[in-house]
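Student: I have a structure open and would like to practise reading it. Could we go through it together, one question at a time?
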Amino acid sequence: MNKKIIILIFLTINSVNFIAAQRESSLQQANEFYEKGKYAQAEEIYQNILKTNETAPELYYNLGNACFKQDKLAHAILNYERALRLATNYADARHNLAFAQQKVIDNIPDSNSFFLINWIKAVINLLNSNNWFYLSFVLFVLTLVFVFFFIFGKKHFLRKTSFYIAFLCLIISVITLVFSGIQKKYLLTRNAAIVMNGAVTVKSSPDKSGTDLFVLHEGAKVLVVGVLNSWVEIRLANGNAGWVEEQTIERI
């Protein structure tokens with residue numbers, strides 16, 4: 001029985017190592033194709049790696065670059081956005097995304113955002129959900145440490161200082177935990193999407209006979225607020241809303 005378990009463990013380890021070696025070989029081949037200017041071949045390999053449920057911000061970033069080199073603007077923006085979903089502080093992806101967005105016809109400003117809200121969003125995006133959670137946990141431990149000093153400290157100055165530091169650590173711990181939850185919700189809900197078609201007519205109702213409201217072009221970012229059969233209700237950063245066919249967009 002023990003021998004069977006050992007053999008099973010050995011086979012499992014070998015299988016994992018084989019899969020990892022295959023993945024690295026494919027990734028190296030894709031990178032070589034990209035360096036040689038064979039962007040379509042590189043794109044195909046990156047896509048195949050992602051289909052194996054192997055997700056990493058670097059993969060989406062590389063795929064975005066391969067798409068951008070082929071003038072696949074919407075696909076490039078989509079994959080840069082997906083890279084940033086996994087690593088919000090991925091500077092290269094954010095830079096390339098900003099560059100690609102300059103080519104989008106629909107430059108829609110966020111007319112409803114107060115500068116303080118934008119600042120808070122920028123702070124939240126400094127870390128991903130896990131990192132905010134770890135920071136919150138460390139701060140909570142520090143809170144307990146200073147509470148201990150406050151309760152058992154013999155000097156008045158030590159107790160007073162420990163109380164204020166513990167209170168501050170607790171407040172920041174709660175805030176960072178909220179940030180972690182916000183990032184987690186953003187990662188799971190996937191309500192942001194990119195327009196994939198060259199031009200999409202936004203309707204007043206989920207029907208082709210609905211009134212034409214406005215036109216969106218490839219690469220535009222929208223927020224999905226509702227779904228009805230094969231139609232989705234979208235909202236733009238400037239508050240404009242309407243319905244488009246689900247096949248014309250792809251969720252980030």
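Student: At what angle do helix 3 and helix 5 pack, and is that roughly parallel or roughly perpendicular?
Tutor: Keep in mind that this is a predicted model. The axes of helix 3 and helix 5 lie 11 Å apart, and the angle between them is about 25°. Angles under 35 degrees count as roughly parallel. Therefore helix 3 and helix 5 are roughly parallel.

Student: Which residues of helix 3 make the contact with helix 5?
Tutor: Let's begin on the partner's side, where helix 5 contributes Asp-92, Ala-93, Asn-96, Phe-99 and Ala-100. Facing them from helix 3 are Tyr-61, Asn-65 and Phe-68.

Student: Is the crossing of helix 3 and helix 5 left-handed or right-handed?
Tutor: For a crossing, look at how the near helix is turned from the far one: anticlockwise by less than a right angle is left-handed, clockwise is right-handed. Where helix 3 passes helix 5, the crossing is left-handed.

Student: Which helix supplies the largest share of the largest nonpolar core?
Tutor: Nonpolar side chains tend to be buried together in soluble globular proteins. Here the largest nonpolar core has 32 residues, and Tyr-46, Leu-59, Ile-77, Tyr-90 and Ile-194 have the most contacts inside it. At least two residues each come from helix 1, helix 2, helix 3, helix 4, helix 5 and strand 1. The largest share, 8 residues, is supplied by helix 4.

Student: How many residues does the other core have?
Tutor: This core lies apart from the largest one. Val-195, Val-200, Ala-220 and Ile-249 are among its members. Its residue count is 13.

Student: Which residues is Tyr-90 in contact with, leaving aside its neighbours within four places in sequence?
Tutor: Tyr-90 is one of the residues with the most contacts inside the largest core. Once those sequence neighbours are set aside, the contacts of Tyr-90 are Pro-57, Glu-58, Tyr-61, Ala-83 and Leu-84.

Student: Glu-43 forms a salt bridge, so which residue is its partner, and is Glu-43 buried or exposed?
Tutor: Side chains of opposite charge can pair when their charged atoms come close. Glu-43 pairs with Lys-72, with the closest N and O atoms 3.0 Å apart. Glu-43 sits in helix 2, while Lys-72 is in the loop between helix 3 and helix 4, 29 residues away. Lys-72 is partly exposed at 30%, whereas Glu-43 has 10% relative accessibility and so counts as buried.

Student: How many residues apart in sequence are the parts tied together by Glu-81 and Lys-221?
Tutor: The side chains of Glu-81 and Lys-221 meet in a salt bridge, 3.4 Å from N to O. Glu-81 is buried at 5% relative accessible area, and Lys-221 is partly exposed at 38%. Because Glu-81 lies in helix 4 and Lys-221 in strand 4, the parts they tie together are apart in sequence by 140 residues.

Student: Which strand holds Glu-250, the salt-bridge partner of Arg-82?
Tutor: Arg-82 and Glu-250 meet at 3.1 Å, N to O. Arg-82 counts as buried at 15% relative accessibility, while Glu-250, at 33%, counts as partly exposed. The two are 168 residues apart, with Arg-82 in helix 4 and Glu-250 in strand 7.

Student: Is Ser-129 buried or exposed?
Tutor: Ser-129 is found in helix 7. Not counting residues up to four places away in sequence, Ser-129 touches Ser-180, Gln-183 and Lys-184. Buried means under 20% relative accessible area. Ser-129 has 11% relative accessibility, so it counts as buried.

Conventions: Residues are numbered from 1 along each chain as its sequence is written. This is a predicted model: local features need pLDDT of at least 70, side-chain atom pairs count only at pLDDT 80 or more; totals for chains, interfaces and linings use all residues. Side-chain values use heavy atoms; hydrogens and water are left out. A nonpolar core is a set of buried Ala, Val, Leu, Ile, Met, Phe, Trp, Tyr and Cys residues joined through side-chain atoms within 4.5 Å. Buried means under 20% relative accessible area, exposed over 50%, partly exposed in between (1.4 Å probe, protein chains only). Helices (H or I, at least four residues) and strands (E, at least two) are DSSP runs, numbered from the N terminus. Contact means heavy atoms within 4.5 Å. A salt bridge is a side-chain nitrogen of Lys or Arg within 4 Å of a carboxyl oxygen of Asp or Glu. Axes are lines fitted to C-alpha atoms, for helices over the stretch in contact, and angles run from 0 to 180 degrees between N-to-C directions. Angles under 35 degrees count as roughly parallel, over 145 as roughly antiparallel, 65 to 115 as roughly perpendicular and the rest as oblique.
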